[in-house]
Amino acid sequence: MNKKLIALAVAAASISGAATAAEVYSDETSSLAVGGRFEARMVMADNEAGDSKVTDASRVRVNIAGKTDITEDIYGIGFWEGEYKDGEDVDNRHINAGIGGEFGQVRYGKTDGSLGMLTDFTDIMAFHGNEAGNKLAAADRTSNNLAYVGSFDLSGNNLTVKANYVFTGENENANGTYDVDGYSLAAMYAMDMGLAFGAGYGEQDGQAALNTETGKQAFGAISYTIGDFYFAGLYQDAENTEVHGLNVEESKGYEFAASYTMGDTVFIATYNYLEDSNNDKDLRDSIAVDATHYFNKNFRTYASYKFNNLDTDSTVGITKAKTSDEFVLGARYDF
């Protein structure tokens with residue numbers, strides 16, 4: 001694989017939302033691209049009183065990606081992405097910069113952890129899904145994060161590795177906001193025949209009720225693409241994580257996903273399950289289906305429905321609203 005293709009592969013693995021970005025400036029050594037989305041989302045679900053309610057979950061995201069050549073083989077990068085919802089402050093999803101080359105990319109700032117590469121196997125729905133793949137903050141997108149990603153061609157197949165360390169990131173639960181240190185690492189191997197698989201592990205301090213425990217989680221994922229069909233599975237085994245605002249000492253979960261592309265329309269179904277292993281209680285249990293129609297590369301509409309199998313007896317402290325089914329209609333413009 002030549003240098004240009006390696007850089008593109010690494011960028012695709014490490015910069016979310018930049019795939020549709022448009023270049024707004026370039027010279028002999030530098031370039032700047034702007035991208036994002038406008039997304040209208042109408043969510044219909046029951047509230048705490050059990051009454052049906054329609055919620056406007058619309059949002060806008062904007063990202064700016066910069067790249068400059070330092071030498072023939074080394075380049076510098078910077079990335080910012082913000083999200084805004086009505087009535088809320090701007091959420092700075094990414095603020096980072098770093099250096100890249102044939103070895104991969106090293107970034108520092110607010111950026112992705114390593115386990116998101118694995119949850120992406122099954123996190124393919126327009127709105128729902130990814131309930132069993134909840135990640136520790138250090139393994140997800142967080143600040144004060146030093147991250148590495150590399151993508152390597154191996155005889156036509158591709159190996160992607162990621163590793164990150166969070167020096168003093170921030171997490172938040174019912175007890176307030178507190179500092180956490182942690183790390184995660186993952187590897188993914190994709191074969192030309194359509195089979196891909198990966199595994200990863202993460203740890204993070206400052207977990208459980210008194211923020212004194214160490215959270216641990218391991219992920220395994222596999223997928224297979226054949227023609228217009230895609231199938232994927234994800235498994236998680238974790239200790240001292242937070243689900244529904246509750247501290248869970250031991251949990252196990254999995255997600256299955258399948259999609260079928262018919263012309264310009266994609267149909268997706270997922271099943272999510274996560275259990276509190278110590279107390280034999282369900283934490284997540286849902287089936288979701290959606291359909292997305294792509295009018296062109298910039299505009300799509302979708303409908304998504306989640307069948308929630310939880311009830312208020314599933315686990316201690318779960319609220320009535322968290323047991324509701326959900327129906328979502330959305331329209332998304334990418335730029």
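# A tour from Tyr183 to the loops

Begin by selecting Tyr183, which is partly exposed, with a relative accessible area of 28%; buried means under 20% relative accessible area, exposed over 50%, and partly exposed in between, with a 1.4 Å probe and protein chains only. The model on screen is predicted, so that local features need pLDDT of at least 70 and side-chain atom pairs count only at pLDDT 80 or more, while totals for chains, interfaces and linings use all residues. Residues are numbered from 1 along each chain as its sequence is written, and side-chain values use heavy atoms, with hydrogens and water left out.

## The tyrosine pair

Add Tyr201 to the selection. A search of the whole structure finds 13 aromatic pairs. In this one, the ring centres of Tyr183 and Tyr201 are 6.4 Å apart and the planes stand at 50°, so the pair is tilted. Rings of Phe, Tyr and Trp (its six-membered ring) pair if their centres lie within 6.5 Å, and planes under 30 degrees apart count as stacked, over 60 as edge-to-face and the rest as tilted. The pair links distant parts of the chain, since Tyr183 belongs to strand S10 and Tyr201 to strand S11 (residues 195–207), 18 residues apart. Helices (H or I, at least four residues) and strands (E, at least two) are DSSP runs numbered from the N terminus. Like its partner, Tyr201 counts as partly exposed, at 27% relative accessibility.

## Along S11 to Leu195

Select Leu195, also in strand S11. Leu195 is partly exposed, with a relative accessible area of 23%. Measure its C-alpha distance to Tyr224 in the viewer: the two residues are 29 positions apart in sequence, yet 4.5 Å apart in space. Beyond four places in sequence, Leu195 is in contact (heavy atoms within 4.5 Å) with Tyr189, Ala190, Ile222, Ser223 and Tyr224.

## The whole chain, then its core

Zoom out. The chain holds 2 helices and 18 strands, and buried residues make up 41% of its 335 residues. Among contacts with a separation of 6 or more, 54% come from residues 24 or more positions apart. The exposed area of the chain is about 16200 Å², of which carbon and sulfur atoms supply 55%; the areas come from the Shrake-Rupley method with a 1.4 Å probe, and for residues only the protein chains shown count as cover.

Next, show Leu115, Leu118, Phe121, Ala186, Phe219, Ala221 and Leu234 as sticks. These have the most contacts inside the largest nonpolar core, which has 14 residues. Such a core is a set of buried Ala, Val, Leu, Ile, Met, Phe, Trp, Tyr and Cys residues joined through side-chain atoms within 4.5 Å. The elements that give two or more residues to this core are helix H2 (116–119) and the strands S10 (176–190), S12 (213–226) and S13 (229–243). S13 gives the most, with 3 residues.

Centre on Leu115. Beyond four places in sequence, its contacts include Ala186 and Phe219, together with Tyr201, one half of the opening pair.

## Two buried polar residues

Select Ser304 in strand S17 (residues 299–308). With 1% relative accessibility, Ser304 counts as buried. Its side chain and that of His128 are joined by a polar contact of 2.7 Å. A polar contact is a pair of N or O atoms within 3.5 Å; within protein, one must be able to donate a hydrogen and the other to accept it, and residues adjacent in sequence count only if both atoms are side-chain atoms. Around Ser304, beyond four places in sequence, the contacts also include Met125, Phe127, Val289 and Phe327.

Move to Asn272 in strand S15 (residues 265–276). Asn272 likewise counts as buried at 1% relative accessibility, and its side chain reaches the backbone nitrogen of Glu131 at 3.0 Å. Its contacts beyond four places in sequence include Asn130, Ala132, Tyr254 and Arg284. Tyr254 is part of a cluster linked by ring pairs, with Phe256, Tyr271 and Tyr273.

## Loop stops

From Asn272, step to Asn130, in the loop between H2 and strand S8 (142–154). Asn130 counts as partly exposed at 21% relative accessibility. Its phi is near 60°, a positive value in a residue other than glycine.

End at Ser155, in the loop between S8 and strand S9 (157–173). Here phi is near 55°, again positive in a residue other than glycine, and Ser155 counts as exposed at 77% relative accessibility.
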